[in-house]
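Here's a quick briefing to read alongside the model. Have the sequence and the 3D view open as you go through the points.

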Amino acid sequence: MDVMSTALSGMQQAQGTLEKTAQRIALAGTNQAPGDSVDLSTEMVNLIGARQQFSTNARVAHVADKMQKSLIDMMG
């Protein structure tokens with residue numbers, strides 16, 4: 001698997017985590033919330049983790065792109 005595919009997969013996973021967490025937060029305090037209650041501190045940790053995961057994978061993609069451009073420049 002190449003680096004860009006791995007980074008994209010990680011970004012998609014982070015987006016999924018963000019969407020699920022946002023949905024749980026939006027349902028907090030309503031009768032529609034799954035389970036007994038929503039722990040907002042845990043959900044905030046999940047949001048921060050998803051943001052960090054997305055950011056890290058975006059940086060990996062950026063560095064991989066720069067490396068590929070440098071390699072093409074060296075060969076050309």
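H1 and H2 run roughly antiparallel to each other, because their axes cross at roughly 160° and anything over 145 counts as roughly antiparallel. Those axes come within 8 Å, and H1 passes H2 in a left-handed crossing. By class, the contact of H1 with H2 brings together 15 nonpolar, eight polar and three charged residues. Keep in mind that this is a predicted model.

**The two helices**

- H2 covers residues 40-75, which makes 36 residues. From first C-alpha to last, H2 reaches 52 Å, close to the 52 Å you'd expect at 1.5 Å a residue.
- H1 (3-27) has 25 residues, and at 1.5 Å a residue it should span 36 Å. The end C-alpha atoms of H1 are indeed 36 Å apart, so the two figures agree.

**What's tucked away**

- On the H1 side, the buried residues are Ala-7, Gly-10, Met-11, Ala-14, Thr-21 and Leu-27. They pack against H2.
- On the H2 side, the buried set is Glu-43, Leu-47, Ala-50, Asn-57, Ala-61 and Ala-64. These residues pack against helix H1.

**Glu-43, a charged residue that's buried**

- Glu-43 sits in helix H2, and Glu is one of the residue types classed as charged.
- Why does Glu-43 count as buried? Its relative accessibility is 7%, and buried means under 20%, so Glu-43 falls below the cut-off.
- Leaving out residues up to four places away in sequence, Glu-43 touches Thr-21, Arg-24, Ile-25 and Val-38. Of these, Thr-21 is itself listed among the buried residues of H1.

**Asn-57, further along H2**

- You'll find Asn-57 in helix H2 too. It is buried because its relative accessible area is 15%, again under the 20% limit.
- Which residues does Asn-57 touch, not counting those up to four places away in sequence? They are Thr-6, Ala-7, Gly-10 and Met-11. Ala-7, Gly-10 and Met-11 also appear among the buried residues of H1.

**Phe-54 and Leu-18, in between**

- Phe-54 belongs to helix H2. At 37% relative accessibility, Phe-54 counts as partly exposed, since that value lies between the 20% and 50% limits.
- Phe-54 touches Met-11 and Ala-14, again setting aside residues up to four places away in sequence. Both Met-11 and Ala-14 are in the buried set of H1.
- How far apart are the C-alpha atoms of Phe-54 and Ile-25? They are separated by 19 Å, with their positions 29 residues apart along the chain.
- Leu-18 is a residue of helix H1. With a relative accessible area of 41%, Leu-18 is partly exposed.
- Leaving aside neighbours within four places in sequence, Leu-18 is in contact with Leu-47 and Ala-50. Both Leu-47 and Ala-50 are named among the buried residues of H2.
- Leu-18 and Gly-49 are 31 residues apart in sequence, while their C-alpha atoms are 9.0 Å apart in space.

**The loop between H1 and H2**

- Gly-29 lies in the loop that links H1 and H2. Is Gly-29 buried or exposed? At 84% relative accessibility, Gly-29 counts as exposed, because the cut-off is over 50%.
- Gly-29 and Lys-69 are 40 residues apart in sequence, and their C-alpha atoms are 50 Å apart in space.
- Val-38 is found in the loop between H1 and H2 as well. Unlike the exposed Gly-29, Val-38 counts as buried, at 19% relative accessibility.
- Val-38 is also one of the residues that Glu-43 touches.
- The C-alpha atoms of Val-38 and Ala-28 are 5.7 Å apart, although the two residues are 10 places apart along the chain.

Key:
Residues numbered from 1 in each chain as written. Predicted model: local features only at pLDDT ≥ 70, side-chain atom pairs only at ≥ 80, totals over all residues. Heavy atoms only, no water. Helix = DSSP H or I, 4+ residues; strand = E, 2+ residues; numbered from the N terminus. Expected span 1.5 Å × (residues − 1). Buried < 20%, exposed > 50% of the residue type's maximum accessible area, 1.4 Å probe, protein only. Contact = heavy atoms within 4.5 Å. Axes fitted to C-alpha atoms, helices over the stretch in contact; angles between N-to-C directions. Parallel < 35°, antiparallel > 145°, perpendicular 65-115°, else oblique. Left-handed = near helix turned anticlockwise from the far one by under 90°.
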